[in-house]
Structures are given as C-alpha cells and as structure tokens.
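This report describes the empty spaces in a protein model and the ligand placed in one of them. The ligand comes first, then the pockets, then the enclosed cavities.

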Amino acid sequence: MEKKDIDWSNLGFGYIQTDKRFVSNFKDGAWDEGTLTSDANVVISECACVLQYAQTCFEGLKAYTTEDGKIVCFRPDLNASRMKDSCERLEMPVFPEDRFIQAVNDVVKANAAYVPPYGSGATLYIRPYMFGSNAVIGVKPADEYQFRIFATPVGPYFKGGAKPITIRVCDFDRAAPHGTGHIKAGLNYAMSLYAIMDAHRQGFDENMYLDAGTRTKVEETGGANFIFVTKDGKIVTPKSDSILPSITRRSLMYVAEHILGMEVEQREVYFDEVKDMAECGLCGTAAVISPVGKINDHGKEICLPSGMEEMGPVTKKLYDTLTGIQMGRIEAPEGWIHVIR
Ligand SMILES: *Cc1c(COP(=O)(O)O)cnc(C)c1O
C-alpha cells in the first residue's frame, strides 16, 4: 500500500477528506448493515432533529503506525461503550459495540494510505458520530438516525516540544449537576464556544471549569480532564458526575498505578488545593497530556513549580509511558491495542 503524498510532520489539526467513511442508517427500529462510501456529504431534512434540537453525540480516537509497522487503535472498546452511554442519555438508539469496533477497523483499513508513518508524530484521527436525521418539529427524539465514522490525518499535537500552557478559572459553567457533562454530546461543545473564544481573547489557552453547584471544586476544561501531581508524588484526578470520563485519563491513572508503581487517587479536588500541586496536565486523545504552567484566577496567578519551559518530570514520565504503549515500544496491558486487519 502506497502512502498519500502528505507532509506528515507539518500537518495541523484540521479536516482533510479521506477516501472512505462508514455509514449506517437506523429506520423502523433497526440499524441496516452499513457500508463504506466515498460520499463525504450528508443530506438530511431541513427539519432534522439534529438541526433543530441538537440530538447528536460523537467519539474521538486515533490510529497509529507502530514501530514494527502495524496499524493499531488504542482501546476502541471504551469509545464504543462511552458512545452507548451518550446515546442512552440522549434517547438515541445504541449502535452495537462490536459493530462499532468493526466499523472503526474497516474505516482505518480503507484509509490505510492516510495513516501517518511511524516516527512522524502524526496520527489518523477517527470520528464516530450519530445524529437524529428525520424531521422533528415538536420536541421529541427522532425516529431515524445516521451513524457515521470518518477519518482524517492530523499532525503532531506538539510541534517542537510540549510547551506548558496558561489557563484561567472560567466564570461560565460547562456542565450542570445532573446534566449532560458526563456524555460526549455536541451540545456540551456548542455552549463552550463562547467561553473558549473569550479565554483566547483574554490571552489564555484554555478554561478551567469549576463545579457549577458550588464553584469550589475543579472539574475539567472544555475537552480534556485534569491530572495533578502532588508535592509528595501522588497522582490525583478530580471525581465528579459531570466530568466526561476521558479514556486517556483513565489509561494514565492505570499506567501510574500498575506500571510506574505510583499512588493514585480519584477524589474531589478543591480549587484551594491547586496552589499546592507540583504539576498539572490536561489529558485527552488529541494531546495525550498537555502540561499546564500557570493558572489565572481572576488576576491571581498560580505558577506550577514545573514552570513554563517544559513538562514536569512526572507528567513527562506518564506521557512517555503511555505514548510508548500506543506506538508499540512498551508492552501494553491486555486488550489495550486493537490491531487493524
Ligand atoms: C473527549 C473529551 C475528553 C477527553 O477524552 P479522551 O477519551 O481521553 O479523548 C475530555 N473532556 C471532554 C469534555 C471531552 O469531550
């Protein structure tokens, strides 16, 4: 298979149309068998439930070329089960988890020429999503749905090393208690767009959202979970029902505990504790871990001891171990690596 002529290491994080995508339609109470298609366009009613009432959810994962030349995905079973949770909360039909994994496999295989080579730092980003497709004007769930998966090559998240970012404590809320913060719904992103653009306009890279109920506890950013390293070397991540359960964060916590032999805790983290942390990072599929150097709380700065030049030593160790597992340089825990075939 010949790779596409793409300057892999200079790719950004943007959409590039690839050859094939998966489409399956839900109608009369059942999913059809689904197919790979070359047609990148979606044609739906002007009154589709997704367009009127935002009935849609999505997933995000990556395919990589490993050191020994295999194409693999990282824990797609967890994306399948998280999408099931999202669908159930949004009154959408679940696309069966085994078929989800098979469809991810088929899309990557069909676009193998777009999977960046080992060592380029680039990856193939995979986007499964579902939406209510038939006309709905009274507020109720759709009867018909489309499930799709496309793939697009994306560049290395950190060009020239991971520079720590500056974030701010945000006055907007991301997720209500007992709301939809724990599922990957498009609506959570629509309402975060103003907050992130406002953060950028004020010179910050990201928002730190606090819990909407009391505004005393750390939740997450718009698209990544927090992990903290305490001064005595513990890994701590916030616990809350309105945080999206990041697969990267769950994997990093496992790596810390079972591979690196560190102490880990998932518990409520009060914002007041953050000033005493040694390191702070944002975890998600896109960056794996993006180090935080500074947190601005309404003009008061918290400067993490790890500084603004590079990742803290513990964050770096976690980052190197997880990316080593993903790229096939370090042996993976059972079931973490799905080889595309
Ligand atoms: C997708 C997402 C994450 C990261 O999850 P991963 O599974 O690690 O990619 C974190 N927070 C939010 C709000 C998200 O939507």
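A nitrogen atom of the ligand lies 3.4 Å from a polar backbone atom of Ala224. The model is predicted. Two further contacts involve oxygen atoms of the ligand and side chains of the protein. In the side chain of Arg82, an N or O atom is 2.8 Å from a ligand oxygen. For Thr248, the distance between a ligand oxygen and an N or O atom of the side chain is 2.6 Å. The ligand by itself would expose 380 Å², and 96% of that area is buried by the protein.

The shell around the ligand consists of 15 residues, with Lys184, Tyr189, Ser246, Thr248 and Thr285 the closest. By class, this shell holds four nonpolar, seven polar and four charged residues.

**Pockets**

Which pocket does the ligand take up? The ligand occupies the space of the largest pocket. The volume of this pocket is about 1,100 Å³. Its lining is made of 46 residues, and those closest to the centre are Phe13, Tyr157, Tyr189, Gly223 and Ala286. Tyr189 is thus named both here and among the residues closest to the ligand.

Several helices and strands contribute at least two residues each to the lining of the largest pocket. Among the helices are helix 2 (76-89), helix 4 (186-190), helix 5 (193-201) and helix 6 (247-259). The strands include strand 7 (123-132), strand 8 (145-154), strand 10 (206-208) and strand 14 (277-284).

The second largest pocket holds about 540 Å³ of space. There are 30 residues in its lining, and Gly121, Phe158, Tyr319, Thr323 and Met327 lie nearest the centre. Strand 5 (61-65) and helix 7 (313-326) each provide at least two residues of this lining. Helix 7 makes the greatest contribution, with five residues.

**Cavities**

How many cavities of 30 Å³ or more does the structure hold? There are two. The largest cavity has a volume of about 80 Å³. Its lining is formed by Gly60, Leu61, Lys62, Tyr64, Phe74, Asn79, Ile247, Thr248, Thr285 and Gln326. Thr248 and Thr285 from this list are also among the residues closest to the ligand. Strand 5 and helix 6 each supply at least two residues of the lining of the largest cavity. Strand 5 has the largest share, three residues.

The second largest cavity contains about 30 Å³ of space. Arg174, Ala175, Tyr209, Leu210 and Glu219 line this cavity.

**Linings by residue class**

The table sets out the classes of residue in each lining.

| Space | Nonpolar | Polar | Charged |
|---|---|---|---|
| Largest pocket | 21 residues | 17 residues | eight residues |
| Second largest pocket | 15 residues | 10 residues | five residues |
| Largest cavity | four residues | five residues | one residue |
| Second largest cavity | three residues | no residues | two residues |

In the second largest cavity, then, the lining has no polar residues, whereas the lining of the largest cavity has five.

Note on methods:
Residues are numbered from 1 along each chain as its sequence is written. This is a predicted model: local features need pLDDT of at least 70, side-chain atom pairs count only at pLDDT 80 or more; totals for chains, interfaces and linings use all residues. Side-chain values use heavy atoms; hydrogens and water are left out. A residue is near a molecule or strand if one of its heavy atoms lies within 4 Å of it. A polar contact is a pair of N or O atoms within 3.5 Å; within protein, one must be able to donate a hydrogen and the other to accept it, and residues adjacent in sequence count only if both atoms are side-chain atoms. Accessible areas come from the Shrake-Rupley method with a 1.4 Å probe; for residues, only the protein chains shown count as cover. On a 1 Å grid over the protein atoms alone, a cavity is a set of points where a 1.4 Å probe fits but cannot get out, and a pocket is an open set with protein on both sides within 12 Å along at least five of seven lines; lining residues have an atom within 4 Å of a point. A molecule sits in a cavity or pocket if more than half of its atoms lie within 2 Å of its grid points. Ala, Val, Leu, Ile, Met, Phe, Trp, Tyr, Cys and Pro count as nonpolar, Asp, Glu, Lys and Arg as charged, and the others, Gly among them, as polar. Grid points are joined across faces, edges and corners, and a volume is the space filled by probe spheres set on the points. Helices (H or I, at least four residues) and strands (E, at least two) are DSSP runs, numbered from the N terminus.
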